[in-house]
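Trainee: I would like a close look at a single part of this protein, namely the aromatic pairs and what surrounds them. Please take your time and connect the details as you go.

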Amino acid sequence: TMDQARTTVSKIFNGEPRSYTRFNLTQNMEGDNSHVEMKLSSDMDDEVEANGVGENTNQHNRPYYPSKLNQRSPKTVCGCVIGILILFIIGYLIGYLCNRSTDKTEIKSDCPVFNEITPVRAEPVYSLDWSDLRALLKKKLTTNNINSNLKEFSSASHQAGSTGDEALANKIMGKFKTFGMSTWTDEHYVKIHEPGSSNNRVLFRGNIVGTTEGYLAYSALKTVQVTLYAHYGRAGDFKRLQELNADINGKVVLVRAGLLSFAEKVSNAASMNASAVLIYPDPVNYNIKEDTALFGHVHLGTGDPYTPGFPSFNHTQFPPAQSSGLPSIPAQTITIRQATEIMRCSCTINFSCYLLSLLLSLLNVLIQKKIHNVFGVIKGYMDKDRYMVIGAQRDAWGPGYARSTVGTSLLVELARTITDMIKNDGFKPKRSIIFASWSAGEFGSVGATEWLEGYLTSLNLKMFSYVSLDEVISGFDTFKAAASPLLYELLENTMKQTGRLPSTVTMQWLLSAQGSYDRAASALVSAIRNSDLDDMEQCRIINNRIMRVEGSFLSPYVSPRESLFRHILLGSGSHTLAALVHHLEAIKGGLESADIDQFKNQFALATWTIQGCANALAGEVWDMDNEI
């Protein structure tokens, strides 16, 4: 091979005319792969001469034997190669210098000349401080604009899933688009209760006691009779009835509206084996007309109670299920006039306990409805994948002016104001702001809950706060706000109101878990003080630690299907700290309901739930403090 290479190079340098190359493609007829042979022309001539003139020159199937080439001195070959390289370099330099002199670019005097590379810096995000932001909001959120929205979004009928509800949804969507926001909708198919072909009936001594269009969704459907008065229907009210030796078993309980939800009243009555609940608005608490109907629901939970724990998307193929928060007894609202007639005929002077001959017949119908949630988003300029949500209920039974129209009007006006601040006042929110208009809120925040259930994995650790505009007008002169514990200090600092956590527990293990939480909180405060808060990555890490805490207060040891309110401080059920304290009191009092083993289980789970909050606040696994 080396001899062939030397001979070839020698022939090229010596100027021999036969310097072409021929390729032969040989196909093996027996199915072998093709191969390529490269033959220099001189070799072919030698091969032809060896075979003789006139002989068949088709040699595709013959073996190829390269002829032996003349050998030359290695010094001669190296010298030739070096000479050629020198000539090539000299020619290249001459061509380069000539081209450079003819194509010289003229630099104009008005062109900038940079002596060094100018670094490109990211555009700083301009954010208003709280005082500037508050002044802008006060200036732009005018009474005239709000009144205009109230007129535009008021509607005589916009019950969940109705044409009126859909028309309002389209109007809100159009507003969001007008503001330049990105918009989308979320569709669910949910089961709700509606009145039957005729109104529910309340009969007293065989006669119908007035009529009412009001009803309580998700009530059990039974016909029951005989009534017992139970004040507000609180647990303490039923306890006092027991102390008076009143027989609650199988009775229809008459209670006043207020202080706690309809669902809690019915749940308390069911726990005492009552047969049904009648709820009326007391004139002392409600400044309404005598025939004003009350509407509501009695599902002790949120969302569609027939798809607990999962979203109500179209044709969801899940086996039939229902929430544990659905009541086992019927419930109905009555008007002030109906309640007055019943009491005038039968009540005692102290209202402590009296029996009535009363019949309750419910005709509610369970149907499936399509509902729409409407969204508009203002994307953040730094952490657009972190967002707060501002939401308002859109639907209502009847006009629902205070319950839904006011919240919807404020939602749209806030969206307009903030987008205007971004366009004209230099406001750039660091995180994204989502504006949400929910449907089926009257049935227990169904639209909002189904959205959360449908996109829980996407929203986890991304949605860091939620502000509800529902029922912002209550008719009282004082301002009231409710929030999760992490927002108590914010409310206190902003509105000068103090929020306090419920449940004082003095047991040692729980105090140890609380100590872990306190130490983790102190460590976080120290980390914030010692961190560069202009470092966005550091701020993101700190915020992630804070955001994990609230979710950690939801007990991971109970099923969302069986316990709809899993928060150990604000929820309800055996997993809460309040239930733990009550069980401890039962043990100390020697009550039959006390169960030591069950208490130990409650105690351990509550302790580790609090410890989990401490671990979430601590951050990394090496910073966790499990000194229990």
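Before turning to the rings, how many helices and strands does the secondary structure of the protein chain come to?

Mentor: The model is a predicted one, and in it the secondary structure of the protein chain comes to 17 helices and 16 strands. The chain has 628 residues, of which 38% count as buried, and it exposes about 36900 Å², with carbon and sulfur atoms supplying 54% of that area. Among contacts in the chain with a separation of 6 or more, 75% are accounted for by residues 24 or more positions apart.

With that background, we can go to the rings. The structure holds 14 aromatic pairs, and one of them is formed by F375 and W438, whose centres are 5.6 Å apart and whose planes stand at 80 degrees, an edge-to-face arrangement. This pair links distant parts of the chain, since F375 belongs to strand β13 (residues 365–378) and W438 to strand β15 (residues 431–438), with their positions 63 residues apart. F375 has a relative accessibility of 0% and therefore counts as buried, and W438, with a relative accessible area of 4%, is buried as well.

Another pair joins W397 and F443: the ring centres are 4.9 Å apart and the planes lie at 65 degrees, so this pair, too, is edge-to-face, the cut-off for that term being over 60 degrees. Here again distant parts of the chain are linked, although both rings sit in loops: W397 lies in the one between β14 (383–393) and α10 (401–424), while F443 lies in the one between β15 and α11 (446–454), 46 residues apart. Both are buried by the 20% limit, because W397 has a relative accessibility of 9% and F443 one of 0%. Ring pairs also extend this picture, for W397 and F443 are linked with Y215, Y218, F295 and Y306 into a cluster.

One member of that cluster, Y218, leads to a histidine, because H299 touches Y218 along with A263, P305, S323, G325, L326 and L564, leaving aside residues up to four places away in sequence. H299 lies in the loop between β10 (296–297) and β11 (331–333), and at 2% relative accessibility this histidine counts as buried. With S323 the link is also polar, as the side chains of H299 and S323 are joined by a polar contact of 2.9 Å.

A263, another of the residues that H299 touches, has its place in helix α8 (residues 262–271) and counts as buried at 6% relative accessibility. Again leaving aside residues up to four places away in sequence, A263 touches H297, V298, H299 and L300. The C-alpha atoms of A263 and G444 are separated by 10.0 Å, although these two residues are 181 residues apart along the chain.

The loop that holds F443 runs from β15 to α11, and in that helix V446, G447, A448, T449, E450 and W451 are buried. The buried residues of α11 pack against β3 (182–194), β13, β14, β15, α12 (456–459) and β16 (463–468). Among these partners are β13 and β15, the two strands that carry F375 and W438. One further ring belongs in this account, although its partner is a charge: the charged end of R431 sits over the ring of F464, 5.1 Å from the centre of that ring.

Methods: Residues numbered from 1 in each chain as written. Predicted model: local features only at pLDDT ≥ 70, side-chain atom pairs only at ≥ 80, totals over all residues. Heavy atoms only, no water. Phe/Tyr/Trp six-rings, centres within 6.5 Å; stacked < 30°, edge-to-face > 60°. Helix = DSSP H or I, 4+ residues; strand = E, 2+ residues; numbered from the N terminus. Buried < 20%, exposed > 50% of the residue type's maximum accessible area, 1.4 Å probe, protein only. Lys NZ or Arg CZ within 6 Å of the ring centre and 35° of its normal. Contact = heavy atoms within 4.5 Å. Areas by Shrake-Rupley, 256 points an atom, 1.4 Å probe, with all protein chains shown as cover. Polar contact = N/O pair within 3.5 Å; in protein donor to acceptor, adjacent residues only side chain to side chain.
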